[in-house]
Amino acid sequence: MTSRANDRELRWVGRPVPRIDGEAKVRGCATYVHDMAWPGMLFARIKTSPHASARIVRVDTGEAEQVPGVRAVLVGADLPYKVGLYMIDKSILARDVVRYCGEAVAAVAAETELAAEEACERIRIEYEPLPAVLDPVAALAPDAPLVHPGLAEYGRMKGVFFPRPGTNVAHHQKIRKGDLLAGFRAADRTFEHAFSNPPVQHAFLETHTAIVQALPDGRVEIVSSAQSPYTVRQLFSVCFGIPLSRIHVRVPYVGGGFGGKAGIHLEPLVYCLSRKADGRPVKLTISREEAFHTMPSRQGLRSRIRTGVRNDGRITALEVEYLWDAGAYADYGVNVGRAAAYSGAGPYDIPNCHIDSLVVYTNKTFGTAYRGFGHLEVLWGIERNLDLIARELALDPYAIRIGNCLRAGSTTITGEEVTANPGRPDLCLEAAAKAVGWGEPRSGPAPGGTRRRGRGLALLHKAPAMPVFTSCSAILKFNEDASVDLLVSGVDYGQGTYTALAQIAAEELGLPVDRIHVVWECDTDFTPYDWQTVASRFAFMGGNAVIDAARDCLAQLRAVAAQVLHAPESELVCADGKVSVVHNPGSSLDYRRLVMGYTYPNGNSIGGPVIGRGRYIAQGLTHLDPETGQGRPALDWTYGAHAVELEVDTATGDIEILHLASAFDVGKTLNRQQVVTQIIGGVVQGIGSAVSEEFLFDAQGRFRNAGFVDYKIPTAKDIPRRMSQHIVETPQLDGPYGARGVAEHPMISIPGAIGNALADALGIDFFELPLNPERVYLAIKKAGRKKTTDEHR
């Protein structure tokens, strides 16, 4: 959406305005669900399965019900409900069978958390272990145990997701472009490689938590650490058949989400406990250990990539199979598999392409949305694959990327024609490569030591993964002193979007940014509708809605001022808190005289309170063809690149990143400080996926590292010695001031860039994440033994 403010120098948009929530968080004034306690509130705990796959033979809650202070005990047999977003495949508590180790099988609400814990320990459950399938490849075997024999009966978003009943495939997304066989015939060389990514944890500071009260009149009160109050309300309504108007959902400050709090999670269970406890409010807060083995995570991925290439590096054909380890449930995983397919070739112009993206059930912790939404996993394989090909063809990794990257006139693998509007991946790659001195002579560690130095590149792209009907809205409400309340229901859980929206509102209304108050708590009773805060879409879509609401306000101000100033509305301008006649600035009215209505000297009044309404809906999206995947799935594309220079110690396998340069085409920078901090945070999170983070399971599917003692996330010691951020601005014509989303993107090609730099340093190929010291050290030793053997031969 364009803005008339584009025709003049911008006062607020683009400025490094400090985060409007910064002081409240630093001073401890921000209130999270973890901080809340309601009168008469009970505390809930859950009991989880010790088996990856088992039949529930018998449940005895007698002892648990006798624990002093216990007010409600529930098991799966009590709750005949299914819940889910895209695939409605999950019970609130396990019924009849358990499908992963850590699945909740019973729950207790009591006067204290200790009493609830004790009661959970006293619940006796007899299991009959069943064969488990722990690997997506094994799960595709004809004789593999079925994780969901009733798959055909599950509700889903039809025409979008395509399960295969009678198998473990929850969704199969196909992409078919061009003539694959002809593309391979046109190639001089064909390469085939396989890659893998493990499941990982979101590791947000605030674990999942919710308070729910079932009121006597049938209404439901919910406060939750979630990424969308309206999605929680909608899915809750579908689950229980309660009208939306009877469900009130609030989302206060949220201590991180990264996709893990999208959709719906604890709220149905906590509601059922409250209902059984005669309507007393109940709070359930997940422990850190439960966050690992009970709550959803990022899915694992196996990739097989076959590439046809000419000797000059031009790709003629690409055939890919993505096997997603969905875990026990595929509620959100099916959409990850869909998005990964239509982005599954990377930001490259591929004339002939076949992709099969299969979301496969296994008996492990289930997957959900995670920052980057499948793109980090896909790009690990795509970007490593390109470097492997470049080495075999004796080509520069920079050159093979520039020669194949999307540009105006290209078509994506779903048939969308590329214009200059989405951005310039070539300029991003150029900026990142230049920052680390690509192509220049290297300085390195002293010869004779154990340290080796390497450089690596990786490109990236991402589009929002969302339904074709995705929409949002905004309300701007003037106060008596002409300050403004901004109401939205997109959730700012750390990404800084509310600050950017305040800047947009200030710019449009001609007010100082400190006169804009963003109402922090999202509330289905008074903040307007927004779909979900995922997919890096909130600044783009929410920003457009705020512009629309601001224009509504300005139209109301001009309509009243025109009567008072005896001037046509077309000759009035709104700036600096005043409405003025454009050719006679001395003829003006302060907003304060208009925002509640104007009163003439004789007492007559006109107008009334100024309240602006804005909205925005995704435009031009289509469903993908079930057989070919052709269509328009993307509202916008964001492109970026990373370049890495690192050193690795061959004696230990330890990696030190010397310089990590990031370049992104953001369209228009709404707030440079926020863009830079998003990139830094995403880079560090991406480093975790690259070098340390992974779920470990034993042979029975039991979690081995459910906690920060054994599961390693980056610390201050892992931050690169230097990070640089480079902003490219190719305006997105339909974005607010030309902006496009960037929040998810900074991490998604970090593993590829680091893996390529590590291979450059050591001359060793890496196909599996994470690149932790143990794996790197063993690869070095294996390569050394192979070299010795070859020399002997």
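**Entry 1: Salt bridges**

I began with Arg-15 and Glu-9, whose side chains meet in a salt bridge at 3.7 Å, N to O. The model I am reading is a predicted one. I then looked up how open to the surroundings each partner is. Arg-15 is partly exposed, with a relative accessible area of 36%. Glu-9 is exposed, at 68%, because exposed means over 50% relative accessible area.

I counted the salt bridges in the structure and found 49.

Next I examined Arg-306 and Glu-319, which form a salt bridge of 3.1 Å, N to O. Arg-306 belongs to strand E17 (residues 300-309) and Glu-319 to strand E18 (residues 315-327), so I noted a pair that links distant parts of the chain, 13 residues apart. Arg-306 has a relative accessible area of 27% and is partly exposed. Glu-319 also counts as partly exposed, at 22% relative accessibility.

The third pair I looked up was Asp-481 and Arg-515, with a salt bridge of 4.0 Å, N to O. Which parts of the chain does this pair tie together? I located Asp-481 in the loop between strand E21 (471-478) and strand E22 (484-487). Arg-515 lies in the loop between helix H13 (497-509) and strand E23 (516-518), so the pair ties together parts that are 34 residues apart in sequence. Asp-481 is partly exposed, with a relative accessible area of 35%, and Arg-515 is partly exposed at 26%.

I also recorded a network: Arg-451, Arg-453, Arg-455, Glu-645, Glu-647, Asp-649, Glu-656 and Arg-721 are joined by salt bridges that share partners.

**Entry 2: Nonpolar cores**

I turned to the largest nonpolar core, which has 230 residues. Which of its members touch the most others? They are Phe-478, Leu-509, Tyr-591 and Ile-754. Helix H14 (residues 538-565) gives this core its largest share, 16 residues.

I followed Tyr-591 further, setting aside its neighbours within four places in sequence. Its contacts include Phe-478 and Leu-509, both of which are also among the members touching the most others. Tyr-591 is further in contact with Leu-554 and Leu-557, among others.

Another core, of 20 residues, lies apart from this one, and its members include Val-70, Val-98, Cys-120 and Ile-123.

**Entry 3: Domains and one interface**

I noted the division of the chain into domain 1 (4-30 + 470-617), domain 2 (33-132 + 208-285) and domain 3 (300-466 + 622-788). I then took domain 2 and domain 3 together. Their centres, taken over C-alpha atoms, are separated by 37 Å. In contact are 20 residues of domain 2 and 21 residues of domain 3.

The size of an interface is often given as the accessible area lost when the parts come together. Between domain 2 and domain 3 the buried area is about 1,800 Å², and carbon and sulfur atoms give 58% of it. Tyr-86, Tyr-100 and Phe-258 supply 33% of the area that domain 2 buries against domain 3, more than any other three residues.

How many salt bridges cross this interface? I found zero between domain 2 and domain 3. The count of residue pairs in polar contact between these two domains is 10.

**Entry 4: Helix H7**

Lastly I checked whether helix H7 (residues 267-276) is covered. H7 is mostly covered, with eight of its 10 residues buried. Among the buried ones are Glu-267, Leu-269, Tyr-271 and Leu-273. Just after H7, I noted that Asp-278 takes a positive phi of about 60 degrees.

Technical notes:
Residues numbered from 1 in each chain as written. Predicted model: local features only at pLDDT ≥ 70, side-chain atom pairs only at ≥ 80, totals over all residues. Heavy atoms only, no water. Core = buried A, V, L, I, M, F, W, Y, C linked by side-chain atoms within 4.5 Å. Buried < 20%, exposed > 50% of the residue type's maximum accessible area, 1.4 Å probe, protein only. Helix = DSSP H or I, 4+ residues; strand = E, 2+ residues; numbered from the N terminus. Contact = heavy atoms within 4.5 Å. Domains from an automatic or database assignment. Buried area = accessible area lost by both parts, 1.4 Å probe. Polar contact = N/O pair within 3.5 Å; in protein donor to acceptor, adjacent residues only side chain to side chain.
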